[in-house]
Amino acid sequence: MPRPIRAVVNPAAIAFNVNKIKQLLPKSLVMPVVKANAYGHGLERIFAGLMNADALAILEIEGAARLRQLGWSKPIVLLEGCFDAADLQTAIELKCDWVVHNDAQLRDLEVLAQRPLAHKPQIYLKFNTGMNRLGFQEPQTSTAIAWLDQFTSRNGWPCPVLMTHFANADEAQPRQREPMAQSQFDRLIRVKPVRWQSSLGNSAGCLNFPELAGDIVRPGICIYGATPGPNAAANYELKPAMTFSSQIIAIQSVKQGDTVGYGSRWQVLADGRIAVVACGYADGYPRHAPDGTPTWVEGQVAPVAGRVSMDMMTVDVSSIPNAQVGSSVELWGEHIPVDVVADRCGTIGYELLCAIAPRVPFQVVSKD
Ligand SMILES: *Cc1c(COP(=O)(O)O)cnc(C)c1O
């Protein structure tokens with residue numbers, strides 16, 4: 001029998017979350033972000049849940065090719081643009097649109113327009129409004145806008161989109177204005193030609209200040225039912241698309257004063273029971289999970305007790321009499337939000353979802 005660990009992915013939850021964002025932003029086009037193999041869920045596994053999306057955003061050109069093979073015929077936007085001439089060629093063949101964030105990428109367009117194209121891409125011009133990662137700085141942006149506006153009209157390309165990325169959106173509380181986001185929005189609107197569309201909102205922007213999210217939104221993490229900050233997804237009525245679970249493979253009765261695991265980190269305060277779970281850091285569960293990080297066993301929270309090892313972890317089931325060998329253990333999912341586990345571990349849900357190890361078998365179960 002294979003180890004009982006598994007990651008179950010639910011495309012119906014993805015569809016639910018896409019619709020949630022559409023309801024929240026009825027005037028925006030919703031373009032879920034499916035980079036990093038759909039945030040670790042698997043593009044093919046969740047694809048059925050994306051049908052109501054207006055477009056998809058991705059970084060990896062191989063991912064764009066997989067989406068076309070799966071039958072996606074609506075727009076695909078390459079979020080970091082094309083990396084070289086071969087990429088440009090492939091992007092055209094795959095009928096992708098893409099981001100242009102520097103002068104070299106802008107000059108590439110001129111070369112491209114010198115020949116007849118089977119697909120005229122819509123260009124997302126990236127404006128660096130304060131994140132200081134990708135994009136044109138303020139004065140160059142106006143020049144680039146003027147040039148691109150003229151270039152696209154002259155060559156019969158679609159009207160471009162002016163895009164930026166929020167820096168602090170994940171810090172904000174639900175429905176609370178975040179001053180940096182407001183200033184980034186204002187800077188974008190100041191230079192945007194009227195006929196161009198805008199694209200600002202990531203998940204945090206969509207959830208916390210939809211009025212600043214723009215015409216085309218790029219929700220990532222919320223599509224998978226997690227949130228950009230420690231705010232649990234249930235507060236936004238999102239459904240987790242992944243349940244990571246395993247089983248108890250042994251139970252140890254422990255006495256007060258005993259210790260559990262490497263480094264004897266967990267010290268037993270009262271006689272009780274420790275369950276050994278078939279999941280470790282080689283499966284993608286964070287080794288630095290502190291004691292007390294919740295798991296879900298027989299309808300109750302079972303806290304991590306002792307250091308996570310490569311293939312196993314230990315949880316305290318002293319107050320869960322039904323816990324026995326073979327009991328299912330949810331590591332994150334429906335009952336234990338990945339955001340909560342991540343917060344305990346000093347990281348964000350994104351990192352945990354993307355880090356499920358290759359040895360973990362995946363299953364797809366579509367349930368509403
Ligand atoms: C990843 C990404 C997003 C999605 O961000 P979330 O926080 O997951 O919603 C949006 N825009 C760009 C440019 C990205 O790279």
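## Empty space inside

A cavity here is a set of grid points where a 1.4 Å probe fits but cannot get out. Keep in mind that this is a predicted model. By that definition, the largest cavity has a volume of about 70 Å³. Its lining is made of 14 residues, and Gly225, Ala226, Pro240, Met242 and Val338 are the ones closest to the centre. Sort that lining by class and you get 11 nonpolar residues, two polar and one charged.

In total, the structure holds three cavities of 30 Å³ or more. The second largest comes in at about 40 Å³. Its lining includes a run of Lys126, Phe127, Asn128 and Thr129, along with Met131, Arg133, Leu134, Thr164 and His165. By class, the lining of this second cavity splits into three nonpolar, four polar and two charged residues.

## Where the ligand sits

Now for the ligand: the space it takes up is the largest pocket. There are 14 residues around the ligand, with Lys35, Tyr39, Ser203, Gly220 and Tyr350 coming nearest. That shell has seven nonpolar, four polar and three charged residues.

## Polar contacts to the ligand

Tyr39 also has a polar contact to offer: an N or O atom in its side chain is 2.5 Å from an oxygen atom of the ligand. Over at Arg218, a side-chain N or O atom is 2.9 Å from a ligand nitrogen. His165, already met in the lining of the second largest cavity, has a polar side-chain atom 3.5 Å from a nitrogen atom of the ligand. As for cover, the ligand has 380 Å² of accessible area on its own, and the protein covers 92% of that.

Terms used: Residues are numbered from 1 along each chain as its sequence is written. This is a predicted model: local features need pLDDT of at least 70, side-chain atom pairs count only at pLDDT 80 or more; totals for chains, interfaces and linings use all residues. Side-chain values use heavy atoms; hydrogens and water are left out. A residue is near a molecule or strand if one of its heavy atoms lies within 4 Å of it. A polar contact is a pair of N or O atoms within 3.5 Å; within protein, one must be able to donate a hydrogen and the other to accept it, and residues adjacent in sequence count only if both atoms are side-chain atoms. Accessible areas come from the Shrake-Rupley method with a 1.4 Å probe; for residues, only the protein chains shown count as cover. On a 1 Å grid over the protein atoms alone, a cavity is a set of points where a 1.4 Å probe fits but cannot get out, and a pocket is an open set with protein on both sides within 12 Å along at least five of seven lines; lining residues have an atom within 4 Å of a point. A molecule sits in a cavity or pocket if more than half of its atoms lie within 2 Å of its grid points. Ala, Val, Leu, Ile, Met, Phe, Trp, Tyr, Cys and Pro count as nonpolar, Asp, Glu, Lys and Arg as charged, and the others, Gly among them, as polar. Grid points are joined across faces, edges and corners, and a volume is the space filled by probe spheres set on the points.
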